[in-house]
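Let's take a walk through a protein model together. Have a look at the picture first, and then we'll go through it piece by piece.

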Amino acid sequence: MQNYSRHQTIDEYGVVRPKLGQRPGADLEDILMLLIATGARIGELLALKWDQVDLDSPIPTVTFSATLVVPRAAGERLFRQNFRKGDAPPLTVVLPPFAVTALRRRRAMPTFQNPENALFVTGTGNWVSPANVRRSWRAARGDNFDWVTPHTLRKTVATLVKETYGVEAAQIQLGHANTRVTEAHYIQRVTLAPDMSDALNKFAPKA
């Protein structure tokens, strides 16, 4: 395959020509899809390299082992830290079929030839900033979904996994050291009690 970036195109005569970069948020759909498919933190998702993705095994997986560190002061630059938040160990999660389909499509695309082999890169081959993803999402979501953030998707995954498989499974999926953090901050509390009216009706006054 001929090496060229996403910001070049091959015309009908086979000539590589420059083109304008992707519109802001062009990768947004895939990023949000992978967040809801894995429950990952946005910084850990955007730090992924292709050698952390296994799409060809009988059980496709992705391994999170790094995160992007956002600059906190003037003059600092976004960089990839080779361990997860809080120095947590690498976390491997199984990918659902829709995520495998999306990643195979991305793998088949002509991607920017960047030395990091990153899944998501800017037009200049740099890491995609979590702040830029959030900005693109705010522009796309409109007022009806202004309560939804990338971190909301992580909480949604935690709640679904807990309701389906239990709190320990949710803890493992999110990569927490114990269930305390998962239960306190990520799982939506059930506010509708089950229907116990038949049992409680035994306390009804006798006619």
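Before we start, one term: a residue counts as buried when its relative accessible area is under 20%. Also keep in mind that what you see is a predicted model. With that cut-off, 39% of the 207 residues in the protein are buried.

Now for the overall layout. The secondary structure comes to eight helices and seven strands. Take the contacts between residues at least 6 apart in sequence: 55% of them join residues at least 24 apart.

Let's pick out one helix, α5. Its buried residues are P150, T152, L153, R154, V157, A158, T159 and V161. What do they pack against? Their partners are α1 (28-38), α2, α4 and α6 (167-174). Here's a handy bit of background: an α-helix has 3.6 residues a turn, so residues three or four places apart point the same way. You can also check the length of α5 yourself. At 1.5 Å a residue, its 16 residues should span 22 Å, and the end C-alpha atoms are 23 Å apart, which agrees. Right after α5 comes G166, which has a positive phi, near 110°.

Helix α5 turns up again at the largest pocket, as one of the elements that give two or more residues to its lining; the others are α2 (42-46), β5 (67-69) and α4 (130-141). This pocket has a volume of about 420 Å³. Of the 17 residues that line it, R41, G43, T67, K85 and R134 lie nearest its centre. What kinds of residue make up the lining? They divide into eight nonpolar, four polar and five charged.

T67 also leads us to a neighbour, Q81, which lies in strand β6 (residues 79-81). Leaving aside residues within four places in sequence, Q81 is in contact with A66, T67 and V69. Is Q81 buried or exposed? Its relative accessible area is 19%, so Q81 is buried.

Finally, how far can you trust the picture? The mean pLDDT of the protein is 77, and 76% of its residues reach 70 or more. Among the elements, strand β3 (residues 53-54) has the highest mean pLDDT, 94, while strand β2 (residues 16-18) has the lowest, 47. Over residues 1-8, pLDDT stays under 50, although the model has 30 contacts beyond four places in sequence for them. Residues 16-24 stay under 50 as well, with 20 such contacts. Where pLDDT is low, the predicted coordinates should not be read in detail.

Key:
Residues numbered from 1 in each chain as written. Predicted model: local features only at pLDDT ≥ 70, side-chain atom pairs only at ≥ 80, totals over all residues. Heavy atoms only, no water. 1 Å grid on protein atoms, 1.4 Å probe; cavity = no way out; pocket = protein on both sides within 12 Å on 5 of 7 lines; lining within 4 Å. Points joined across faces, edges and corners; volume = space filled by probe spheres on them. Helix = DSSP H or I, 4+ residues; strand = E, 2+ residues; numbered from the N terminus. Nonpolar A, V, L, I, M, F, W, Y, C, P; charged D, E, K, R; others polar. Expected span 1.5 Å × (residues − 1). Buried < 20%, exposed > 50% of the residue type's maximum accessible area, 1.4 Å probe, protein only. Contact = heavy atoms within 4.5 Å. pLDDT = per-residue confidence, 0-100.
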